[in-house]
Amino acid sequence: MNTALKLITLTVIFGIGSVAHGQAIGSGTLLNGSISSIFTDPISESPGNNSFVYSIDNNLLNGVPAVLNPIPFTAVAGASAFSWGTAASHDDDTSALWFHPGNFSDLALETSFEIGRLYYRNGTIASGTGASQVDLSLLLTFSSPLLTNPTQAINSTLMMINTLNSSNSTTSADIVKLGSPTNPLNFTDAENRNYFLELTFQVDQNATDGSLSDFDKFRVLEGETGQAVMVGRVTVAPVPEPGGALLIAAAGMVLLLRRRYAA
């Protein structure tokens, strides 16, 4: 490698490290706001299946729909419900999800907070009447005057993974999975940084009977009802300095020159 090529290489390697790391909007700035939600666009386990039966109620303040009874949940303003499937027998329940959104206050960036509580009833339903996914649309309204576009719409797809029932209750558990754990936010601060909302599940194994969970999966045993806290975290991404694009272009030149010298 000649001297000129070495110089370009060193500039790229060390120059990329010169990035303005994202900081909080202000050292003392705290975010406040509210959250609302609706279920939309359910899809059957077998797309186009005529036996797919579902019900959506995005205003549980008016009472719990009959299809969700019995339901271990108090209907409150802003709560939403989605139920699906045909009960396998008279003694069985349909499957259902319902979501109770929360509020947040005095929230610092990069700090976890409760988006809301997701309840899942793993009903015993007839084969072919299951759902494969439904969208949980979240509307986050931030009250900080330092942000442009303080109202943010997040569309989080919940994917239902239905398992065959067997003598093993754990492997027979059905799963709700987050389709998009990381979601871009389109507001910016005065320094034009990029923001993201990270979503995860948090389950208290001791308090919730029949629930198993990973950060992006919420499991409930057959015939049981469980709940998980949907946790959010607003993160800020670093913004490259003005010369960042040139450095990336220089990196491309290095690769091109290497290929030429190798030839």
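**Figure 1. Close-up of D106 in strand β6****.** In this predicted model, D106 has a phi near 50°, a positive value in a residue other than glycine. D106 counts as exposed, because its relative accessibility is 53% and the cut-off for exposed is over 50%. Strand β6 covers residues 103-107 and runs antiparallel to strand β2, residues 31-44, to which three bridges join it. Across this pairing, N103 of β6 stands opposite S34.

**Figure 2. Close-up of D41 in strand β2****.** D41 is not a glycine, yet its phi is positive, at about 50°. With a relative accessible area of 54%, D41 is exposed. Besides β6, strand β2 pairs with strand β8, residues 131-142. The β2 and β8 strands run antiparallel and are joined by 10 bridges. F39 stands opposite L136 of β8.

**Figure 3. The salt-bridge network of E110, E198 and R233****.** The side chains of R233 and E110 form a salt bridge with an N to O distance of 2.9 Å. This pair connects distant parts of the chain, 123 residues apart: R233 lies in strand β15 (residues 225-237), and E110 lies in the loop between β6 and β7 (112-121). R233 also takes part in a salt bridge with E198, where the closest N and O atoms are 2.8 Å apart. Here too the partners come from distant parts of the chain, with E198 in strand β12 (residues 194-202), R233 in strand β15, and their positions 35 residues apart. R233 is partly exposed, with a relative accessible area of 25%. E198 is partly exposed, also with a value of 25%. E110 counts as partly exposed at 36% relative accessibility.

**Figure 4. The salt bridge between R117 and E114****.** The closest N and O atoms of R117 and E114 are 3.4 Å apart. R117 counts as partly exposed, with 30% relative accessibility. E114 is partly exposed as well, at 32%. The structure holds four salt bridges; the contact of R117 with E114 is one of them.

**Figure 5. The largest pocket and its lining****.** The volume of the largest pocket is about 290 Å³. Its lining is made up of 17 residues. Those that lie nearest the centre of the pocket are I125, A126, S127, N162 and T163. Sorted by class, the lining has 11 polar, three nonpolar and three charged residues.

How values were computed:
Residues numbered from 1 in each chain as written. Predicted model: local features only at pLDDT ≥ 70, side-chain atom pairs only at ≥ 80, totals over all residues. Heavy atoms only, no water. 1 Å grid on protein atoms, 1.4 Å probe; cavity = no way out; pocket = protein on both sides within 12 Å on 5 of 7 lines; lining within 4 Å. Points joined across faces, edges and corners; volume = space filled by probe spheres on them. Nonpolar A, V, L, I, M, F, W, Y, C, P; charged D, E, K, R; others polar. Pairing = 2+ DSSP bridges. Helix = DSSP H or I, 4+ residues; strand = E, 2+ residues; numbered from the N terminus. Buried < 20%, exposed > 50% of the residue type's maximum accessible area, 1.4 Å probe, protein only.
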